[in-house]
Amino acid sequence: MKIPSKINILGCEIPIQHCSADEMIEDDKVKIGEFNFENVRIRLLDTLDDSTKSIVLMHEIIEALNWYGDLEMDHIQIGALGAMLHQVLTNNKLLKE
Ligand SMILES: [Zn+2]
């Protein structure tokens, strides 16, 4: 999946930024991805390979939907839904290569 520079989620144009490990440190850990509702952006760790990036992006999309939709899913549910949706879309060739 080609990672776009921005993504439309429920009418919001959300930029997707590729960030270094230094920029992704939080609480002494390097995050691989983040949806930030205050700054309205998605950030991905730039050293991930493309297929991992697309899985992390799907996770952050679910994070955004959970936030905007007030779905109150916990992080385990968000993680599971992101990974499962990515598998179905990928294995049925519903994602652009
Ligand atoms: Zn998360």
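**Exercise 1. Glycine 82 and its surroundings**

Locate glycine 82 among the secondary-structure elements, decide whether glycine 82 is buried or exposed, and list its contacts.

*Solution.* Start with the place: glycine 82 sits in helix 2. Helices here are DSSP runs of H or I with at least four residues, strands are runs of E with at least two, and both are numbered from the N terminus. Before going on, keep in mind that this is a predicted model, in which local features need pLDDT of at least 70, side-chain atom pairs count only at pLDDT 80 or more, and totals for chains, interfaces and linings use all residues. Residue numbers run from 1 along each chain as its sequence is written.

Next, count neighbours. A residue is buried if 20 or more other C-beta atoms lie within 10 Å of its own, exposed if 12 or fewer, and partly exposed in between, with C-beta atoms placed from the backbone. Glycine 82 has 22 C-beta neighbours inside 10 Å, so it counts as buried.

Then look at contacts, meaning pairs whose C-beta atoms, placed from the backbone, lie within 7 Å. Leaving aside neighbours within four places in sequence, glycine 82 is in contact with Met58, His59 and Ile62. For a sense of distance, alanine 21 is 61 residues from glycine 82 in sequence and 23 Å away in space, C-alpha to C-alpha.

**Exercise 2. The helix pair**

Describe how helix 1 and helix 2 cross, and name the residues that make the contact.

*Solution.* Two quantities do the work here. Two packed helices are described by the angle between their axes and the distance between the axes. The axes are lines fitted to C-alpha atoms, for helices over the stretch in contact, and angles run from 0 to 180 degrees between N-to-C directions.

For helix 1 and helix 2 (residues 75-91), the axes come within 8 Å and cross at roughly 125°. The two helices are therefore oblique to each other; angles under 35 degrees count as roughly parallel, over 145 as roughly antiparallel, 65 to 115 as roughly perpendicular and the rest as oblique. The crossing of helix 1 and helix 2 is right-handed, that is, the near helix is turned clockwise from the far one, whereas an anticlockwise turn by less than a right angle would be left-handed.

Helix 1 contributes Ser54, Ile55, Met58, His59, Ile62, Glu63 and Asn66 to the contact, and helix 2 contributes Ile78, Gly79, Leu81, Gly82, Ala83, Leu85 and His86.

Finally, visit the loop between helix 1 and helix 2, where methionine 73 is placed. Methionine 73 has 16 C-beta neighbours inside 10 Å and so counts as partly exposed. Not counting residues up to four places away in sequence, methionine 73 touches Asn66 and Ile78.

**Exercise 3. The sheet**

Work out the strand order of the open sheet, find its edges, and follow the pairing of strand 6.

*Solution.* The open sheet has four strands in the order 1-2-6-5, with mixed pairing. Strand 1 (6-9) and strand 5 (33-36) are at the edges with a single partner strand each, so one side of each has no neighbour in the sheet. From one strand to the next, the twist averages 20°.

Two strands pair if DSSP finds at least two bridges between them. Strand 2 (residues 12-19) and strand 6 run parallel and are joined by four bridges; isoleucine 16 has isoleucine 42 of strand 6 as its bridge partner. Strand 5 and strand 6 pair in the antiparallel sense, also over four bridges, and glycine 33 stands opposite leucine 44 in strand 6.

The hairpin of strand 5 and strand 6 has four residues between the strands, and there valine 40 takes a positive phi near 50°. Most residues other than glycine have a negative phi.

**Exercise 4. The nonpolar core**

Which residues make up the largest nonpolar core, and where does its largest share come from?

*Solution.* A nonpolar core is a set of buried Ala, Val, Leu, Ile, Met, Phe, Trp, Tyr and Cys residues joined through C-beta atoms within 7 Å. The largest one has 11 residues: Ile14, Phe35, Ile42, Leu44, Val56, Leu57, Met58, Ile61, Ile62, Ala64 and Ile78. Strand 6 (41-45) and helix 1 (50-68) each supply at least two of them, and helix 1 gives the largest share, six residues.

How values were computed: Contact = placed C-beta atoms within 7 Å.
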